[in-house]
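Welcome, and thanks for taking a look at this one with us. Please open the structure below and keep it at hand while you read the briefing.

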Protein chains: 2
Amino acid sequence: MANIPSGIPEKTIERLSEYRRTLLSCSKRGITHIFSHVLAGIHGITAVQVRRDLMLIGFSSDTKKGYDVQILIEYISRILDSETPINIAILGMGHLGQAITKYFNSKGLKLKITAAFDVDPEKIGREIDGVPCYHMNNFEQKAEELDLSMVVVSSPTKVAPSLVVPIINAGIRGVLNFTSTPLNFPQGIVVENYDITTLLEKVAYFVKENDANA
Amino acid sequence: MANIPSGIPEKTIERLSEYRRTLLSCSKRGITHIFSHVLAGIHGITAVQVRRDLMLIGFSSDTKKGYDVQILIEYISRILDSETPINIAILGMGHLGQAITKYFNSKGLKLKITAAFDVDPEKIGREIDGVPCYHMNNFEQKAEELDLSMVVVSSPTKVAPSLVVPIINAGIRGVLNFTSTPLNFPQGIVVENYDITTLLEKVAYFVKENDANA
């Protein structure tokens with residue numbers, strides 16, 4: 001991994017993940033090459049942005065035929081993917097947890113949701129969408145057994161703060177938190193707080209801005 | 001609304017939404033004032049960032065006692081909220097659609113999910129979490145009747161592209177798309193594409209980066 005550039009901006013990482021998903025779908029449909037402006041059009045951005053992102057990861061293309069889809073997929077994967085598999089646990093197997101599991105594990109990605117935790121007796125001991133559901137009390141022990149390194153927090157918001165200590169104790173390295181309580185962790189643990197309310201309020205704000213400028 | 005600054009960066013809008021949620025929860029607990037570094041700590045950012053965001057919206061505070069919680073809530077609301085209510089529809093009332101509805105409508109916000117659309121006969125004609133579910137075929141007509149101005153796309157990914165034309169025809173102004181197909185709309189329609197896979201891949205990447213720098 002020595003020659004992989006670091007310090008890539010967060011937004012570029014997001015777009016690389018999105019490009020790869022598009023490229024994988026192109027590849028499935030037998031498309032071997034794609035121009036930067038086509039890739040840009042699919043993602044609603046400019047070709048300049050696409051080229052800038054790919055330059056940041058040191059990728060340049062045969063401009064006559066466009067980017068080689070397969071090579072670009074491999075290149076992006078080398079940036080994004082870990083060499084070891086990453087096992088993810090869902091903390092809170094309600095509607096959101098189940099939606100994420102179902103959606104995510106159908107993709108055949110390197111990241112895999114391999115366990116779920118809840119306190120609902122109807123769920124514990126069962127498999128839900130192919131993922132075993134354990135009692136939250138056993139989280140720390142199971143995290144070690146199952147080599148879990150990331151968690152998705154999709155519990156009720158009230159419960160979320162009580163999950164911080166178990167997450168730290170379990171040696172979890174990355175947290176994606178969907179509740180509306182921002183969670184803080186010591187350095188060394190990556191956390192992304194994504195409250196869906198914020199996303200909706202943001203769209204609503206830009207709708208309002210559009211109206212004001214119309 | 002004449003004196004509300006426009007051109008506020010997207011990230012600031014996100015943070016304002018997050019600050020407000022924290023402030024509302026402070027207010028509920030009887031907290032009347034809050035210092036910028038306390039607000040910053042809760043959100044895992046610096047006090048400088050908080051002050052910069054609030055300066056951008058023209059808010060300055062009594063620094064001796066900190067920010068007045070109630071006044072700051074009103075100030076942020078003036079920036080974020082629309083004067084008219086915004087009705088949101090869920091397109092795809094599966095696990096994700098239901099999770100968003102349940103979570104969002106319990107908050108008592110100005111934005112409200114008032115309708116859902118699906119093609120599952122078991123759901124159509126029923127109320128789910130207090131929201132009536134209609135057949136997707138009736139979307140354009142219902143959108144006018146119910147004054148819908150935003151949609152959340154939580155349908156299966158395959159279905160998402162077929163929703164673009166109905167969304168345009170229905171006069172929808174803002175779209176929050178959770179499927180893994182990026183959707184493009186003509187100018188004047190705000191769209192945010194939020195694929196949960198991207199969020200997880202981003203966290204995984206920064207975990208890897210952390211390991212490399214450790």
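**Briefing: where the two chains meet**

K202(A) and E14(B) form a salt bridge, with 2.5 Å between their closest N and O atoms. Do keep in mind that this is a predicted model. Between chain A and chain B, the rule finds 12 salt bridges in all, and helix α8 (residues 196-213) of chain A gives the most to the side of chain A that touches chain B, with 16 residues.

**The interface as a whole**

- On each side the number of residues in contact is given separately: 69 residues of chain A touch 69 residues of chain B.
- Chain A and chain B bury about 6100 Å² between them, and 63% of that area is on carbon and sulfur atoms.
- Polar contacts between chain A and chain B come to 35 residue pairs, counting pairs with both residues at pLDDT 80 or more.
- Sorted by class, the side of chain A that touches chain B holds 33 nonpolar, 19 polar and 17 charged residues.

**How the two copies are related**

- A turn of 180° with a shift of 0.0 Å along the axis lays chain A on chain B, at an RMSD of 0.0 Å.
- The two copies are therefore related as by a two-fold rotation axis.
- The same surface serves both copies, as 99% of the contact residues of chain A recur in chain B.
- Which residue of chain A comes closest to the rotation axis? That is H95(A), whose C-alpha lies 2.4 Å from the axis.

**Salt bridges that cross between the chains**

- Side chains of opposite charge can pair when their charged atoms come close.
- R21(A) forms a salt bridge with E201(B), and here the closest N and O atoms are 4.0 Å apart.
- This pair joins two chains, because R21(A) lies in helix α1 (residues 10-28) of chain A and E201(B) lies in helix α8 (residues 196-213) of chain B.
- Are the two partners buried or exposed? R21(A) is buried at a relative accessible area of 12%, and E201(B) also counts as buried, at 5% relative accessibility.
- R21(B) in turn meets D195(A) in a salt bridge, at 2.8 Å from N to O.
- That second pair also crosses between chains: R21(B) sits in helix α1 (residues 10-28) of chain B, while D195(A) sits in the loop between β9 (190-193) and α8 of chain A.
- R21(B) counts as buried at 15% relative accessibility, and D195(A) is buried with a relative accessible area of 5%.

**A pair within chain B, a network and the total**

- D120(B) and K123(B) form a salt bridge, their closest N and O atoms being 3.8 Å apart.
- Of these partners, D120(B) counts as partly exposed at 25% relative accessibility, whereas K123(B) counts as buried at 17%.
- Salt bridges that share partners link E10(A), K11(A), E14(A), E192(A) and K202(B) into one network.
- Over all chains, the count of salt bridges by this rule comes to 24.

**Chain A on its own**

- Chain A contains eight helices and nine strands.
- The C-alpha trace of chain A spans about 60 × 45 × 35 Å along its principal axes.
- Of the 214 residues of chain A, 51% count as buried.
- Among contacts in chain A between residues at least 6 apart in sequence, 56% join residues at least 24 apart.

**Two places to visit in chain A**

- Helix α5 (residues 95-105) of chain A is mostly covered, with eight of its 11 residues buried.
- Which residues of α5(A) are the buried ones? They are L96(A), G97(A), Q98(A), A99(A), I100(A), T101(A), Y103(A) and F104(A).
- L24(A) has its place in helix α1 of chain A, and this leucine is partly exposed, with a relative accessible area of 37%.
- From L24(A) to K123(A) there are 99 residues in sequence and 34 Å in space, taken from C-alpha to C-alpha.

Key: Residues numbered from 1 in each chain as written. Chains lettered and ligands numbered in written order. Predicted model: local features only at pLDDT ≥ 70, side-chain atom pairs only at ≥ 80, totals over all residues. Heavy atoms only, no water. Contact = heavy atoms within 4.5 Å. Buried area = accessible area lost by both parts, 1.4 Å probe. Salt bridge = Lys/Arg side-chain N within 4 Å of Asp/Glu carboxyl O. Polar contact = N/O pair within 3.5 Å; in protein donor to acceptor, adjacent residues only side chain to side chain. Helix = DSSP H or I, 4+ residues; strand = E, 2+ residues; numbered from the N terminus. Nonpolar A, V, L, I, M, F, W, Y, C, P; charged D, E, K, R; others polar. Least-squares fit on C-alpha atoms with pLDDT ≥ 70 in both. Buried < 20%, exposed > 50% of the residue type's maximum accessible area, 1.4 Å probe, protein only.
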